[in-house]
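Me: I'd like to walk through a model with you, question by question. Could you take a look and talk me through it?

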Amino acid sequence: MASLLDTTPPSTPGKFKPDKSSAYLHPHHRSLRLHSSLSKLTFYSFLFLILFLFFFLLSSPSPSSRHQPNTYPPGGPLWEKKVVKSARPKSRGGLTVLVTGAAGFVGTHVSVSLKRRGDGVLGLDNFNHYYDINLKRARQKVLERSGVFIVEGDINDMTLLKKLFDVVFFTHVMHLAAQAGVRYAMQNPKSYVHSNIGGFVNLLEVCKSANPQPVVVWASSSSVYGLNSKVPFSEKDRTDQPASLYAATKKAGEEIAHTYNHIYGLSITGLRFFTVYGPWGRPDMAYFFFTKDILKGKEIGVFETADGRSVARDFTYIDDIVNGCLAALDTAKKSTGSGGKKRGPAQFRVFNLGNTSPVPVSRLVGILESLLQVKAKKKVLPLPRNGDVEFTHANISLAQKDLGYKPTTDLETGLKKFVRWYLSYYSGSKKKTSSW
């Protein structure tokens, strides 16, 4: 029996010439031959389709090997189940807290600490690409192991925020989501207004309309002190001379918070963080990229003031900051409004959370050299006019009195813990995300 190739047209131009031997076959035989040819064609076509689908599936990443942010679409039953479970406190007296910026540095530590003590915690984060997204995803895994579910979304998404408040009666909001970084504001100023002002207003709008209204604790910044030369910085000092757009948006946030407190009866506490550092920190911070560059043998820039002094910072270890955040939540009084209507004066507070021990950046580099056992290649540079200030120094007497805040970790001890984490995390170990 002839093969399928026998019925194909010749490669050269001309009329089709059928096989003469087939022209004299019995009609029945010709029918059998045609049926056989069609069967083979169907078989090979089917085989080709199976092979194509097989290799397509092999080349596509499996659901378990890639992150699927839409596995639980907002509003779906699985999504609501995870939201409610994560936000449910273990005991009747536990808090139910929405933590914005939960996959961030401070947000991750605060969320884990709240969950471990029995509070209900729901995270919200948009996982933006301001710095390494893989680090944020690694933090997310830590949170998931702790029982904290993170909703992927933006605080500017009013529909999402309303949905969250419809599903969960939050007693407290820990607002840590923000566009961070002083120097980046010169490259992308709109992102700071969008997040630090617009996003904050959206969140406060939802909070003031909730019934009952939650308590709001949020992260301001030591940068609001700006060009203030009086030290140490006190909450009563002037904050009307911001040195960067980032500082200006944080200062604006404090004024906006006061407005919502005054008009709608929201209980609001602002926390001015002073140079937070530690494990799982932000790669854009000096102690972090100094560590990376020293290990790689790269030159690092150490800024000096106009009179030749090293820039100094009031470095505050992450555990001390977390203790201050939890104390602010625990001591906050309830909001007095309901459904957007104020029923009486509400609590409004602002606290410095620092370490009260400013350290020259040159000293920071010296400690890192000792811990890493590598000599840094330093280049002394004049402090640029990009929003950085010469020094920060916190007066924490008010936080000590009202919150019982008492930092206990000195810079050398804190950096030792950070370096241990850094070397473990970037070693490529499969167990790197399990350390905490």
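Here is our chat about this predicted model.

Me: Let's start broad. How many helices and strands does the protein chain have?
Reply: The chain runs to 436 residues, and 47% of them count as buried. Its secondary structure comes to 13 helices and 13 strands.

Me: What share of the contacts with a separation of 6 or more comes from residues 24 or more positions apart?
Reply: Here we set aside contacts with a separation below 6 and look at what remains. Among those, residues 24 or more positions apart account for 81%.

Me: And the surface: how much of the exposed area do carbon and sulfur atoms supply?
Reply: The protein chain exposes about 22800 Å². Of that, the part supplied by carbon and sulfur atoms is 57%.

Me: Which residues form the positive surface patch?
Reply: One member is Lys81, which sits in helix H3, residues 77-87. Lys81 has a relative accessible area of 61%, which is over the 50% cut-off, so it counts as exposed. The full patch is Lys81, Lys82, Lys85 and Arg88.

Me: Is Thr100 buried or exposed?
Reply: Thr100 lies in strand E1, residues 96-100. Leaving out residues up to four places away in sequence, it touches Leu124, Ile155, Met174, His175, Leu176, Ala177 and Leu203. Its relative accessible area is 0%, so Thr100 is buried.

Me: Where is Glu235 found, and is it buried or exposed?
Reply: Glu235 is in the loop between strand E5 (215-219) and helix H8 (245-264). Its relative accessible area is 16%, under the 20% cut-off, so this loop residue is buried.

Me: What separates the C-alpha atoms of Glu235 and Ile396?
Reply: Beyond its neighbours within four places in sequence, Glu235 is in contact with residues including Asn395 and Leu398. Other contacts of Glu235 include Tyr225, Arg272 and Phe351. Ile396 is 161 residues apart from Glu235 along the chain, yet the C-alpha separation is 8.8 Å.

Me: On to charges. How many salt bridges does the count come to?
Reply: To count, a side-chain nitrogen of Lys or Arg has to be within 4 Å of a carboxyl oxygen of Asp or Glu. By this rule the total is 13.

Me: Which residues does the network of shared salt-bridge partners join?
Reply: Take Asp237 and Lys230, a salt-bridged pair with the closest N and O atoms 3.1 Å apart. Asp237 is buried at 13% relative accessible area, while Lys230 is partly exposed at 45%. For the network, look to the bridges that share partners, which join Arg117, Asp119 and Asp330.

Me: How far apart are the closest N and O atoms of Asp119 and Arg117?
Reply: Asp119 counts as buried at 6% relative accessibility. Arg117 is partly exposed, with a relative accessible area of 37%. The two form a salt bridge, and the closest N and O atoms are apart by 2.5 Å.

Me: Which parts does the pair of Arg137 and Glu152 tie together?
Reply: Arg137 and Glu152 form a salt bridge with the closest N and O atoms 3.0 Å apart. Arg137 lies in H5 (residues 133-145) and Glu152 in E3 (residues 149-152), so the bridge ties together parts 15 residues apart in sequence: helix H5 and strand E3.

Me: Now the backbone. What is omega for the cis peptide bond that joins Val231 and Pro232?
Reply: Pro232 sits in the loop between E5 and H8. Another cis bond runs from Asn211 to Pro212, with omega near 5°, and Pro212 is in the loop between helix H7 (189-209) and E5. For Val231 to Pro232, omega is about -5°.

Me: What is the phi of Phe127?
Reply: Phe127 is in the loop between strand E2 (120-125) and H5, and at 4% relative accessibility it counts as buried. Its phi is positive although the residue is something other than glycine, with a value near 50°.

Me: And what is the phi of Thr356?
Reply: Thr356 is in the loop between strand E11 (348-353) and strand E12 (359-360). Its relative accessibility of 33% makes it partly exposed. Thr356 is not a glycine, yet its phi is positive, at about 65°.

Key:
Residues are numbered from 1 along each chain as its sequence is written. This is a predicted model: local features need pLDDT of at least 70, side-chain atom pairs count only at pLDDT 80 or more; totals for chains, interfaces and linings use all residues. Side-chain values use heavy atoms; hydrogens and water are left out. Patches are made of residues with over 30% relative accessible area and no salt bridge: like charges are joined within 9 Å, nonpolar side chains (Val, Leu, Ile, Met, Phe, Trp, Tyr) within 5 Å. Accessible areas come from the Shrake-Rupley method with a 1.4 Å probe; for residues, only the protein chains shown count as cover. Lys and Arg count as positive and Asp and Glu as negative; His and the chain ends are not counted. The place of a charge is taken as NZ of Lys, CZ of Arg, CG of Asp or CD of Glu. Helices (H or I, at least four residues) and strands (E, at least two) are DSSP runs, numbered from the N terminus. Buried means under 20% relative accessible area, exposed over 50%, partly exposed in between (1.4 Å probe, protein chains only). Contact means heavy atoms within 4.5 Å.
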